[in-house]
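Hi there,

Here is the structure I promised to pass on. Have a look at it first, and my notes follow below.

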Amino acid sequence: MFFLLPLELFVVTAVVGATSFYAHVLLDQEYHVENSRLERFAWFRRKQQLHFVHHLHADRNFAVIDFFWDRLIGTYQSSEADVADLDNGTPNSHPVEKTCAPAST
Ligand SMILES: [Zn+2]
């Protein structure tokens, strides 16, 4: 398909795709590092908790950077500590922060 497009469009698409991929990998790594330098930012801590919900419930919060698509397709799950267990509807006995803590360095 890219053989039919101008070279400039291919280059821009490749650069944007590579940048997006790097940003996703970087943020996912920072989510799992203890004492990340990004933890000073509230937006990072909020996204980190939403990401940990994904590790507890693999069918929720697929996003790494922006959870817009999860909200749109109905896979968004709040990171509240009293999240109901998605499997049986009973209250979760262990808060997200304690069950999916970042790995130590
Ligand atoms: Zn992760």
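The expected span of a helix is 1.5 Å times one less than its number of residues. For the 15 residues of H2 that comes to 21 Å, and the C-alpha atoms at the two ends of H2 are 22 Å apart, so the two values agree. H1 passes the same kind of check: its 25 residues should span 36 Å, and its end C-alpha atoms are indeed 36 Å apart.

Before going further, please keep in mind that this is a predicted model. The mean pLDDT of the chain is 82, with 74% of the residues at 70 or more. Confidence is highest in H1, at a mean of 95, and lowest in helix H4 (residues 96–99), at a mean of 48. Over residues 91–95 the pLDDT is below 50, though this stretch still has nine contacts in the model beyond near neighbours in sequence. Where pLDDT is low, the predicted coordinates should not be read in detail.

Now the overall picture. The chain has four helices and zero strands, and from the N terminus on its elements run α-α-α-α. Of its 105 residues, 10% count as buried. Among the contacts with a separation of 6 or more, 40% are between residues 24 or more positions apart.

How many of the 25 residues of H1 are buried? The number is one, so H1 lies largely in the open. In H2, the buried residues are Lys47, Gln48, Leu50, His51, Phe52 and His54.

The loops have some details you may enjoy. Asn35 sits in the loop between helix H1 (7–31) and helix H2 (42–56), and Asn61 is in the loop between H2 and helix H3 (68–73). Most residues other than glycine have a negative phi. Asn35, however, has a positive phi of about 60°, and Asn61 has a positive phi near 50°.

Are these two asparagines buried or exposed? Asn35 has 8 C-beta neighbours inside 10 Å and therefore counts as exposed. Asn61 has 23 C-beta neighbours inside 10 Å, so Asn61 counts as buried.

The loop between H2 and H3 also holds Phe67 and Asp66. Phe67 is partly exposed, because 19 other C-beta atoms lie within 10 Å, while the cut-off for buried is 20 or more. Which residues does Phe67 touch, leaving aside those up to four places away in sequence? They are Leu50, Asn61 and Tyr76. Leu50 is one of the buried residues of H2, and its C-alpha atom is separated from that of Phe67 by 8.6 Å, with their positions 17 residues apart along the chain. Asn61, another partner of Phe67, is the buried asparagine with the positive phi described above.

Asp66 counts as exposed, because it has 9 C-beta neighbours inside 10 Å. Asp66 and Lys47 are 19 residues apart in sequence, and their C-alpha atoms are 8.2 Å apart in space. Lys47, for its part, is among the buried residues of H2.

If you open the model, the loop between H2 and H3 is a nice place to begin, with Asn61, Asp66 and Phe67 all found there.

Best wishes

Methods
Residues are numbered from 1 along each chain as its sequence is written. This is a predicted model: local features need pLDDT of at least 70, side-chain atom pairs count only at pLDDT 80 or more; totals for chains, interfaces and linings use all residues. A residue is buried if 20 or more other C-beta atoms lie within 10 Å of its own, exposed if 12 or fewer, and partly exposed in between; C-beta atoms are placed from the backbone. Two residues are in contact if their C-beta atoms, placed from the backbone, lie within 7 Å. pLDDT is the predictor's confidence in each residue, from 0 to 100.
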